[in-house]
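Me: I am new to this structure and would like to learn how to read it feature by feature. Could you take me through it slowly, giving the general idea before each case?

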Amino acid sequence: MANTAAPAIRRPGSEPADKRRVRRTRGLKSALTGWSFVAPATIIILGLSIFPAVWAFILSLQSWDGFSEATFVGGANYAQLVSDADFWNAVGNTFGYTILFVPASVLLGLFLAVALNRRIRWMGFYRTAIFVPFVASAASTGILSTYLFSPQFGLVNNVLRVLHLPQQGWLDDPHQAMLVIAIMSLWGSAAFTTVIYLAALQDVPAELIEAARIDGANPWQTFWRIVWPQLAPVTVFVTIWQTIQAIQLFDLVYTTTRGGPLDATKTIVYFLYEKAFRSLQFGYGSAAAYVLFAATLLITIFVVVYSRRKGTEAF
Amino acid sequence: MSNSVLAEVVTSSEQIAAQPSAAPRKRGRRLSGWHFVLFPIALLFLIPFIQMALASFSPAKELVAFPPPFIPSHLTIDGYVQLFGQTDILLWLGNTILVSGTAIVSNLVLCSLAGYGFARLKFAGRNLGFLMILATIMIPTQLLMIPTYILFATLGLLNGLGAAIVPWLATAFGIFLMRQFFLSLPAELEEAGAIDGCNRWQIFFRIVLPLARPALATLAIFTLLGAWNDLVWPLIAINNQQSFTLQLGIANFQGAHQTNWSLIMAGNVVATLPLILFFLFAQRQFIATMTFSGLKG
């Protein structure tokens, strides 16, 4: 690697001509080698992301159904979004889900990590049981949700019936459908937050905990006063990550309620899916996608700035 | 994104995975209070899978009876017989294996090459190239669906397996992961290779790649999970039943076989069991991968 490295400080003009030529051919050769390593993957990735991302922005300024001539409409799609009641319903549903899902997933991950961070018998079984749902796909989770939470024959209502508790509508009830989706998302994603917190817990210096114990702190105080502040960067990271996941919710809605009942689970991505691929409004759908992208960026920047101000650096 | 946190998390998650999970025998005799917390939670997490397996072997009629029995009166393989007889599940399984297999091989080759290039080689445009690849991680897939759909329609890729394969040929995270790994390798080995007269390609294939096995395992699992479970993109790009992936096939079951829950669950078992078994055998690698997989976007 040293032989391909160019000397750091030397003005090219001061070199003899033959040395310059050697350098140039060497630079060309290393560029050729370098790009032959990285080009295939780079072309595929940039071609399927940067290029479409720019195209999506151009599309968002157009009115196009994919067949007839596209017409330039400027910001009309964005203006239409602002006054679209369906869109605001989708924003509201997505917001509701995020409020439900993100704190629950962070707290659950933290709790499970604390519970799993010890050496007791059957720990292998406990970890496997909690981690294995991670491999369940959205399609699979959707089928399981519909089955377990079926108002007629589902296990959940069956347990409620045996306990003489009132039967619920679950996915058929506009007020409960999002809750069921959040519960099943938690089931599948708990492993992710748990593993990250587990890793962070193991990095908390043992001397800190020991010192707190000697000072007479009980385990509860030790956790919240000593350990929890140490976990702050990871909490910021996990919160951002789960928030991005939450506002992009689509799969599980598609495989359970398809936006129903009464549009109660129609999320922003579901809205954009319907606009683009059901009613072929490519321009309008792209505008919705860009609003979502902007919201994602803003939330990320907000959390990062806020946590930096509080002195917690995760990024 | 957050290189430092992520790298740290990954290394320590490997430590977690490596940790012996069984307690030393001496201390095991005292029953920890945590069992009363962990056992019910573990059971709760397993219930959906238990129900899935149970339902797939139950008589279809009993599953929709009222009140539903907790335990079926007898076990039957009718669900599986109907699944394999009435649906294209084997074709879809083949499609999914083909898509995931191609994705894994392609990712292992292309991402390790690119990761090595970005980590070790010096050439014009390297930093810009890597920066742009990192930037793509921030772009949500939803933004790319519409133009990619139009692009694939223009290229004639829609409705075939190619539509499912092409987006998985290389991933930004694969490159990121491999680059991080190669940066952590000591450069002396490669320098020794260079002194012995190896060129860059020989150094890469003979010296570096054999050392990269742990990172390659993580990348393979990451790609397997993503490609095997992908639903949104195949849903948009593939309308032809012959080219359905498993996920697409079982997602459509609920409409097509609405009341035949033993068939639906049998399909669900076929789609999920390979990954569950794989998880049980390679739990360590899965846990290392898990920290990355949230970032597939």
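Reply: What follows goes from the whole chains to the contact between them, then to helix pairs and single residues. This is a predicted model, in which local features need pLDDT of at least 70 and side-chain atom pairs count only at pLDDT 80 or more, while totals for chains, interfaces and linings use all residues. Residues are numbered from 1 along each chain as its sequence is written, and chains are lettered from A and ligands numbered from 1 in the order in which they are written.

Me: How many helices and strands does chain A have?

Reply: Helices (H or I, at least four residues) and strands (E, at least two) are DSSP runs, numbered from the N terminus. By that rule chain A has 14 helices and two strands. Its radius of gyration (taken over C-alpha atoms, and set against a globule rule of 2.2 Å times the number of residues to the power 0.38) is 26 Å, well over the 20 Å that the rule gives for 315 residues, so chain A is more spread out than a compact globule. The C-alpha trace of chain A spans about 95 × 75 × 35 Å along its principal axes. Chain B, for its part, comes to 17 helices and zero strands.

Me: What share of each chain is buried?

Reply: A residue is buried if 20 or more other C-beta atoms, placed from the backbone, lie within 10 Å of its own, exposed if 12 or fewer, and partly exposed in between. Buried residues make up 40% of the 315 residues in chain A, and 44% of the 297 residues of chain B. Helix α6 of chain A, residues 138–148, is mostly covered, with 11 of its 11 residues buried; among them are A:Gly142, A:Ile143 and A:Tyr147.

Me: How many residues of chain A are in contact with chain B?

Reply: Two residues are in contact if their C-beta atoms, placed from the backbone, lie within 7 Å. On this basis 91 residues of chain A are in contact with 88 residues of chain B. Helix α1 of chain A (residues 17–47) gives the largest share of the side of chain A that touches chain B, namely 14 residues. That side divides into 62 nonpolar, 22 polar and seven charged residues, where Ala, Val, Leu, Ile, Met, Phe, Trp, Tyr, Cys and Pro count as nonpolar, Asp, Glu, Lys and Arg as charged, and the others, Gly among them, as polar.

Me: At what angle do α2 of chain A and α8 of chain B cross?

Reply: Axes are lines fitted to C-alpha atoms, for helices over the stretch in contact, and angles run from 0 to 180 degrees between N-to-C directions. Helix α2 of chain A (residues 50–60) and helix α8 of chain B (residues 141–155) have axes that come within 8 Å and cross at roughly 95°. Angles under 35 degrees count as roughly parallel, over 145 as roughly antiparallel, 65 to 115 as roughly perpendicular and the rest as oblique, and α2(A) and α8(B) are therefore roughly perpendicular to each other. Among the residues that meet are A:Trp55 and A:Leu59 in α2(A) and B:Ile146 and B:Leu151 in α8(B). The contact divides into 10 nonpolar, one polar and no charged residues.

Me: Within chain B, how do α7 and α10 cross, left-handed or right-handed?

Reply: A crossing is left-handed if the near helix is turned anticlockwise from the far one by less than a right angle, and right-handed if clockwise. The axes of α7(B), residues 126–138, and α10(B), residues 172–184, come within 9 Å and cross at roughly 125°, which makes α7(B) oblique to α10(B). Their crossing is left-handed, whereas the crossing of α11(B) and α12(B) is right-handed.

Me: Where is A:Leu171, and what does it touch?

Reply: A:Leu171 is found in the loop between α7 (155–162) and α8 (177–202) of chain A, and with 26 C-beta neighbours inside 10 Å it counts as buried. Not counting residues up to four places away in sequence, A:Leu171 touches residues including A:Ser145, A:Phe149 and A:Thr256. A:Trp170, in the loop between α7 and α8 of chain A, has a phi near 45°, a positive value in a residue other than glycine.

Me: Which residues are joined by a cis peptide bond?

Reply: A cis peptide bond joins A:Gly260 and A:Pro261, with omega about -15°. A:Pro261 has its place in the loop between α12 (251–256) and α13 (268–278) of chain A.
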